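Let's take a walk through this protein model and stop at a few spots along the way. Keep the structure open while you read, and find each residue as it comes up.

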Amino acid sequence: MLRVSGGIILAPEGINGSICGTRESVAEVISFIQSDERLMGLRQVESPVSPEEEAIHHGHTSSSPLAAGEDVPFRWDHVRVKLKKEMVSLGMPSVSPIEKVGKYVSPRDWNSLISDPDTVVIDVRNSYEIRIGKFKGAVDPRTKAFREFPSWVDDQFQLAQPKDQVVPNSSSGSIEKATEGGQKVPPRVAMYCTGGIRCEKASSFLLSKGFKEVYHLQGGILKYLEEVPDSDSLWEGECFVFDKRVSVDHGLEQGTFKLCYGCKQPVSDADMDAPEWEYGISCPYCFSSKSEEEKERARARQRQFETWGVIGGPDKGRRPAKTADGSDRSITHMSS
């Protein structure tokens, strides 16, 4: 049996996933996937996990966070393969990166591209991710979900209508479309996200809307932080990740942010000093949006974790055993 955990998404657009396990086990899974010629040449980002970090992620130490082991990719008994209409939910299955996609830019060439004044740099992640780190000068669309991105593009750039006229851009010599609102479609757009997946869809969407030069960071922020040294970096802050590390810095070293288990947003030490902070319950970003009833349910959840080490008690995830007469009974495991 392979000791591998994680989640894999299959869609008409391709495959995406995060898996965790021993190096040999992970290599065997990747080899199996790539035995299908349609899935050869997958881009990979590797983040080593120490035995100590693994124990924390599994909830095996006193410093393990609430609900440790509940979310992928660090739970051995939790493997998911999902079939979806879209790899990431833009709400537009007809927008396909298979048919057209922006130009990939390697991490080593990224600084030069985004330093060009004619390049508009757009962060296509959600606002809570951008809050803790982004590339210098990048635009924050302030979206709460990726599905909001198309509306933001339409509102921001007010794309060309029949009455639009073509005017020269004197600074660069390129041609731009002037809209009735006076805004212009930028001559060049560079986008980025955590691992490069959302940009596949976003770049395809922009091309379908008439944008001409659309670029995106190959491998995303994670690949950039892995390959570009801190001394040459244009990245500011830390990168939010969807696992128990919460955030990473250059070299993919674990960052300083923790997670609010009330809203799953990253929080800093200063946030945890705020009066709205209550471990496992709320933080400054969700305190006002939660009712007292929701907070009390979260407190009960927290008490369960402190008592049993898992949410739901010692029988969580197990089917009740059958007695001789066929009725259900619970099993309680004791240890010294």
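## Getting our bearings

Before anything else, a word on names: helices and strands here are DSSP runs, numbered from the N terminus, where a helix (H or I) has at least four residues and a strand (E) at least two. With that in hand, we can place Lys 264: look for it in the loop between strand E14 (258–259) and strand E15 (266–267). Keep in mind that what you are looking at is a predicted model.

## Two residues with a positive phi

What is the phi of Lys 264, which is not a glycine? Its value is positive, about 65°. Most residues other than glycine have a negative phi, so a positive one is worth a look. Lys 264 counts as partly exposed because its relative accessibility is 45%.

Arg 142 gives us another case: its phi is near 60°, again positive in a residue other than glycine. You'll find Arg 142 in the loop between strand E6 (133–135) and helix H5 (149–157). With a relative accessible area of 66%, Arg 142 is exposed.

## Strand E10 and its neighbours

Now head over to strand E10, which covers residues 214–217. In a regular strand the side chains alternate between the two faces of the sheet. Are the side chains of E10 buried or exposed? Val 214 and His 216 on one side are buried, and so are Tyr 215 and Leu 217 on the other, leaving both faces of the strand covered. Take Val 214, for example: its relative accessible area is 3%, and therefore it counts as buried.

Which strands pair with E10? One is strand E4 (residues 103–105), which runs parallel to E10 and is joined to it by 3 bridges. Here Lys 103 has Tyr 215 as its bridge partner in E10. Another is strand E9 (residues 188–192), which also pairs with E10 in the parallel sense over 3 bridges. In this pairing, Met 191 is matched with His 216 of E10. You can also compare Val 214 with Val 189: they are 25 residues apart in sequence, yet their C-alpha atoms are 5.0 Å apart in space.

To see how the chain gets from E9 to E10, follow helix H6 (residues 197–208): E9, H6 and E10 make a right-handed β-α-β unit.

## Salt bridges

Side chains of opposite charge can pair when their charged atoms come close. How many salt bridges does the model have? The count comes to 14. One of them joins the side chains of Asp 36 and Arg 38, with 2.6 Å from N to O. Asp 36 is partly exposed, at 23% relative accessible area, while Arg 38 is exposed, at 71%.

Next, look at Arg 299. Its side chain meets that of Glu 278 in a salt bridge of 2.9 Å, N to O. Glu 278 lies in the loop between helix H8 (269–272) and helix H9 (292–308), and Arg 299 lies in H9, so this pair ties together parts that are 21 residues apart in sequence. Glu 278 has a relative accessible area of 30%, which makes it partly exposed.

Arg 299 also forms a salt bridge with Glu 296, at 3.4 Å from N to O. These two both sit in helix H9, 3 residues apart, about one turn of the helix. Glu 296 is partly exposed as well, with a relative accessible area of 38%. Zoom out a little and you get a network of salt bridges linking Glu 278, Glu 296, Arg 299 and Arg 303.

## A buried serine and a nonpolar patch

Which side chain does the side chain of Ser 233 contact? It makes a polar contact with the side chain of His 250, at 2.8 Å. Ser 233 sits in the loop between helix H7 (220–227) and strand E11 (235–237). Its relative accessible area is 16%, so Ser 233 is buried.

Our last stop is on the surface. Leu 10, Val 81 and Leu 83 make a nonpolar patch there of about 310 Å². Leu 83 belongs to strand E3 (residues 79–83), and its relative accessibility of 72% is why it counts as exposed.

How values were computed. Residues numbered from 1 in each chain as written. Predicted model: local features only at pLDDT ≥ 70, side-chain atom pairs only at ≥ 80, totals over all residues. Heavy atoms only, no water. Patch = residues over 30% accessible without salt bridge, like charges linked within 9 Å, V, L, I, M, F, W, Y side chains within 5 Å. Areas by Shrake-Rupley, 256 points an atom, 1.4 Å probe, with all protein chains shown as cover. Salt bridge = Lys/Arg side-chain N within 4 Å of Asp/Glu carboxyl O. Buried < 20%, exposed > 50% of the residue type's maximum accessible area, 1.4 Å probe, protein only. Pairing = 2+ DSSP bridges. Right-handed = clockwise from strand over helix to strand, strands pointing away. Polar contact = N/O pair within 3.5 Å; in protein donor to acceptor, adjacent residues only side chain to side chain.
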